[in-house]
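Trainee: I've got a new model open and I'd like to learn how to read it. Can we go through it together?

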Amino acid sequence: MKTIILKTASNYLLPVLLLFSVFILLRGHYLPGGGFVGGLVAAIAFVLDAFANGLQNTKQVLKIHPGFFMPVGLAIAFLSAISPILFADLPLMTGLWAHEPVPVLGKIGSALFFDTGVYLVVIGAALTIIFTISESA
Amino acid sequence: MLEAVLVGFIFAILLVFVGRWFRGPIAVVSALIPIGLFVYFLWHIGGISAGDVIYESYRWIPSFGVNLSFKLDGLSLLFSLMITGVGSLVFLYTAAYLKGHKYLDRFYGYLSLFMAAMLGLVLSDNLISMFVFWELTSISSFFLIGFNNDSKASRQSALVALGITGLGGLLLLGGALLLGFISGTYEISEMLTQSDVITQHPYYALAAILMFGAAFTKSAQFPFHFWLPGAMKAPTPVSTYLHSATMVKAGVYLLFRFSPVLGQTELWHTTLISIGAITMLYSAIHIIFRTDLKGILAYSTISALGILVFLIGIGTEAALIAASVFIVVHALYKASLFLITGIIDHETGTRDITKLTGLRKVLLPVAIAGFIAALISGGVPPSIGFVGKDLIYEATLHSNNAVLLTVLAIATNALLFYGGFVAGVKPFMGQLPKKFEKIHLPSPLMWLPPLIMVTAGIIFGIAPGLVETTFAQPIVNVMFTSAEDVHLKLWHGFNLVLGLSALTLAVGTILYFLLKPTHQKETFISQFNFIAPKDLTLKLSDGFEWFGHIWTGYFQNGYLRHYLSIVVGFIILLLGYLLLFDFDLDIDYASLARITVYEIAIVLMMVIAIIFTVFTKSRLAAVAAMGVVGFAFSLFFLFYSAPDLAMTQFSVDTLTVILFVLVLYKLPTYLKLTNDKIRIKHGILSLSLGGLITILILKVLNEPKNTEITDFYAENAYKLAHGKNIVNVILVDFRGIDTMIEISVLVVAALGVFGLLKLRLKTKDKK
């Protein structure tokens with residue numbers, strides 16, 4: 001499936017789609033979107049790249065095995081879940097929010113970090129499954 | 001007290017990291033832990049015998065009433081002293097017995113894990129934490145029995161023991177939950193005040209039977225006794241410590257602890273007396289047929305445990321005094337005999353009683369210890385055993401069924417006398433065979449512990465007041481609110497009890513000189529193995545395995561379509577059954593939204609795609625058509641204002657199609673693998689599931705709507721969680737724990753796929 005059109009297009013599409021996935025992740029708290037969908041979109045971006053340029057190429061772009069996203073994501077989600085216990089003596093999963101909105105990102109709270117964890121886990125899990133299957137098929 | 005329980009756990013965990021430096025002679029240092037704890041508990045004797053009760057409580061899961069509460073009273077003090085006292089000697093003994101063993105550190109780790117769990121068990125005042133410690137003792141016992149893990153027999157015995165005691169653990173959990181339900185608390189001391197409520201409750205019998213099951217499995221009562229002789233595969237220090245002195249007494253402890261709560265009923269007395277009596281006599285008779293020293297000791301241990309259950313069943317004050325003294329007696333002589341057996345085994349390499357003679361000439365201090373241990377075991381004055389035996393007769397004589405119970409007790413005691421002398425005296429008498437002449441006395445670390453214990457047995461016998469003030473009186477105070485004073489004496493004057501005692505000694509002596517342990521006897525009794533509880537249980541487990549094989553073979557045959565058919569078929573059965581009795585299709589069509597033209601167009605598209613999927617000849621075309629169905633679905637979500645769902649459905653479908661393509665890409669283009677019959681079957685299954693789900697959803701619309709939850713989220717999403725997208729707020733905040741677990745599941749699934757496929761690749765490479 002290595003057509004020249006898809007190849008050329010995907011070189012531009014990959015960064016755009018990744019940016020879009022981050023956009024979906026960040027808007028999630030106020031508008032449709034969120035970590036799960038964002039993660040899926042990012043995974044699709046990489047899979048598209050793999051279709052166009054070959055799996056090896058995508059792996060080189062990624063530098064690390066996608067599996068490593070999973071523990072990192074889980075750790076971020078877990079830390080943000082226990083952060084109220086650690087920092088504020090509140091029950092597990094209580095949302096902590098910064099008082100002043102950050103430029104560009106808007107209001108930042110522990111929920112955003114939790115969602116980022118979800119985002120990373122979804123990318124990691126989806127890509128691990130797809131890469132593994134396509135390598136062994 | 002928490003520190004006392006924790007120190008063993010901490011030491012065991014520490015050994016994981018520093019174990020490799022602990023295999024040498026330095027291992028003996030670990031004995032400082034039980035010795036220190038022993039001193040700690042000794043130090044409490046004064047207070048406890050003066051009537052103090054030390055209570056400590058730490059919150060664990062207060063919302064479920066589960067706390068780490070510990071109570072040190074007369075009963076738990078006796079057990080704690082036994083655990084740490086015998087523990088100290090066993091720790092010392094092990095240093096010499098397993099000297100240079102390459103897993104010595106591991107052994108000490110298991111031992112101290114066990115000691116900590118056992119201490120936790122007897123000190124716990126909360127039934128749930130007691131259950132946790134109870135299970136920990138079973139698990140450490142499993143590791144210790146299977147310590148020689150390259151022997152198949154050891155591994156099997158460990159499994160049998162874990163199976164039986166694990167079953168008991170489950171029963172204990174059931175009993176604990178039921179008692180908690182009846183009394184509204186898991187604290188044992190609070191249950192004590194509600195004894196009347198509990199014994200009058202309709203579930204009393206069930207609760208009592210569950211507790212009996214727990215105690216009988218742990219304390220090796222008939223018909224669950226058979227794991228204990230098997231557990232003798234463990235190294236001798238383990239048999240000494242776990243399977244004679246402490247762990248097997250956990251069941252007895254449980255019955256002791258709960259006799260003020262559950263006792264004094266007909267069920268309690270009848271069950272405990274009959275099971276105890278059967279166990280004590282059955283296994284005492286088995287002693288005659290054994291030639292392995294540890295086998296003899298195992299059966300006499302079971303018999304002694306039977307006596308204890310029997311005495312608790314009688315339940316009078318005299319019986320409970322007898323039981324508490326007999327616990328001390330048994331721990332002292334049985335642990336010594338086990339250690340002595342260990343020395344003999346270690347030096348001669350055999351435990352066959354028919355081959356062992358004359359060892360007194362080479363192992364004199366051991367022979368002395370063995371002789372005294374036999375005296376205590378047989379109840380010969382002036383040992384504490386004599387006091388213990390008198391108390392047993394005192395208890396049976398004053399029970400409701402005096403004659404029968406006394407005769408049973410005499411028969412058991414005479415056989416125990418025989419067993420004690422065979423194990424403690426016989427190996428040392430007679431001529432020393434040539435092959436044993438070169439034996440040297442081992443390190444004092446090995447022969448001093450039994451000697452210390454039997455000396456204690458004699459001292460207690462001469463001065464029974466020591467036992468009276470330290471154990472017997474405080475325990476009786478725990479059991480009875482208005483307890484009488486306990487007076488233990490070695491000499492009661494000439495009376496019936498003394499006569500019975502003399503009779504026991506006479507019968508025992510005759511048995512010792514008449515009966516010789518031979519292999520013929522052992523072969524004779526093994527003919528009856530097929531009706532023994534052990535064989536029956538093993539057969540049952542084999543049968544279960546066979547059944548599981550058949551069952552799994554049918555339901556888990558590895559074909560994905562088979563699994564799917566079963567799951568779908570089962571759902572159809574359930575739903576069909578439900579709808580069969582409640583079938584009415586009066587749907588309020590007016591309440592449904594109006595159907596628009598573009599909806600009809602999309603449904604048409606889906607139907608065409610489905611028909612194409614079913615009848616196409618190409619795999620890839622089928623997958624693409626399935627994708628069309630999925631995308632059409634996400635359009636529906638969009639129409640009904642669920643953009644989140646639409647987005648997710650769209651992405652998931654994209655990835656699914658890609659996955660399918662990846663898997664199917666390399667397969668040959670469609671072959672007709674299934675015949676029409678199967679295709680029709682699958683078609684009927686799919687259509688009926690679809691039809692049923694449709695009916696179900698239409699019926700759901702008829703149900704009255706509960707908008708309470710929706711309103712709550714809508715109202716509070718921004719107020720509490722600063723978010724305007726309710727779906728996302730639910731995911732990351734209100735039900736964030738669910739999401740946490742879901743992403744963990746996702747990780748597990750990905751790792752599973754990765755592991756399965758990579759593993760398969762590797763085996764392929766090897767070929």
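Trainee: Let's begin with α27(B). Which residues of that helix are buried?

Mentor: Keep in mind that this is a predicted model. A residue counts as buried if 20 or more other C-beta atoms lie within 10 Å of its own. In α27(B), the buried ones are B:D644, B:A646, B:M647, B:T648, B:Q649, B:F650, B:S651, B:D653, B:I658 and B:L662.

Trainee: And what covers the buried residues of α27(B)?

Mentor: Look at both chains for this one. The cover includes α26 (619–639) and α30 (726–734) of chain B. From chain A, it includes α2 and α5.

Trainee: Why do we say the end-to-end distance of α27(B) agrees with what a helix should span?

Mentor: Helix α27 covers residues 643–665 of chain B, which makes 23 residues. At 1.5 Å a residue, the helix should span 33 Å. Its end C-alpha atoms come out agreeing with that, at 32 Å.

Trainee: Let's try α18(B) as well. How many of its residues are buried?

Mentor: Helix α18 takes in residues 402–424 of chain B, and its end C-alpha atoms are 32 Å apart, in agreement with the 33 Å that its 23 residues should span at 1.5 Å a residue. This helix is mostly covered. Out of 23 residues, the number buried is 17.

Trainee: Now the place where the chains touch. Which helix of chain A gives the most to the side that touches chain B?

Mentor: The contact takes 41 residues from chain A and 39 residues from chain B. On chain A's side, α2 (35–53), α4 (69–88) and α5 (110–136) each supply at least two residues. The one that gives the most, with 16 residues, is α5(A).

Trainee: How many residues on that side of chain A are charged?

Mentor: Sort the residues of chain A that touch chain B into three groups. There are 27 nonpolar and 12 polar ones. The charged ones number two.

Trainee: What about chain A as a whole? What share of its residues is buried?

Mentor: Chain A has five helices and zero strands, so to speak α-α-α-α-α from the N terminus on. Its C-alpha atoms fill a box of roughly 55 × 30 × 20 Å along the principal axes. Of the 137 residues in chain A, the buried share is 42%.

Trainee: Which stretches of chain A does UniProt list as "transmembrane region"?

Mentor: This comes from an unreviewed UniProt entry. One of the stretches, residues 36–55 of chain A, is 95% helix and 0% strand, with end C-alpha atoms 24 Å apart. Another, residues 67–88 of chain A, is 91% helix and 0% strand, with its end C-alpha atoms 33 Å apart. The full list in the entry is residues 12–30, 36–55, 67–88 and 108–133.

Trainee: Over to strands in chain B. Which residue stands opposite B:E56?

Mentor: Strand β1 (residues 54–61) and strand β2 (residues 66–72) of chain B run antiparallel, joined by seven bridges. B:I54 has its bridge partner in β2(B) too, and that is B:L72. Opposite B:E56 stands B:F70.

Trainee: Which residue in that hairpin takes a positive phi?

Mentor: The hairpin of β1(B) and β2(B) has four residues between the strands. Of β2(B) itself, five of the seven residues are buried. The residue with a positive phi, near 75°, is B:G65.

Trainee: Is B:G465 buried or partly exposed, and why?

Mentor: B:G465 is in helix α20 (residues 465–479) of chain B. Buried would take 20 or more other C-beta atoms within 10 Å, and exposed would be 12 or fewer. B:G465 has 14 of them within 10 Å, which means it is partly exposed.

Trainee: Last one. How far apart are the centres of domain 1 and domain 2 of chain B?

Mentor: The domain assignment gives domain 1 as 301–543 and domain 2 as 575–703 of chain B. Take each centre over C-alpha atoms. The separation is 75 Å.

How values were computed: Residues are numbered from 1 along each chain as its sequence is written. Chains are lettered from A and ligands numbered from 1 in the order in which they are written. This is a predicted model: local features need pLDDT of at least 70, side-chain atom pairs count only at pLDDT 80 or more; totals for chains, interfaces and linings use all residues. Two strands pair if DSSP finds at least two bridges between them. UniProt positions are given in the numbering used here, feature names are shortened, and annotations may be inferred rather than shown by experiment. Two residues are in contact if their C-beta atoms, placed from the backbone, lie within 7 Å. Ala, Val, Leu, Ile, Met, Phe, Trp, Tyr, Cys and Pro count as nonpolar, Asp, Glu, Lys and Arg as charged, and the others, Gly among them, as polar. Domain bounds come from an automatic or database domain assignment. The expected span of a helix is 1.5 Å times one less than its number of residues.
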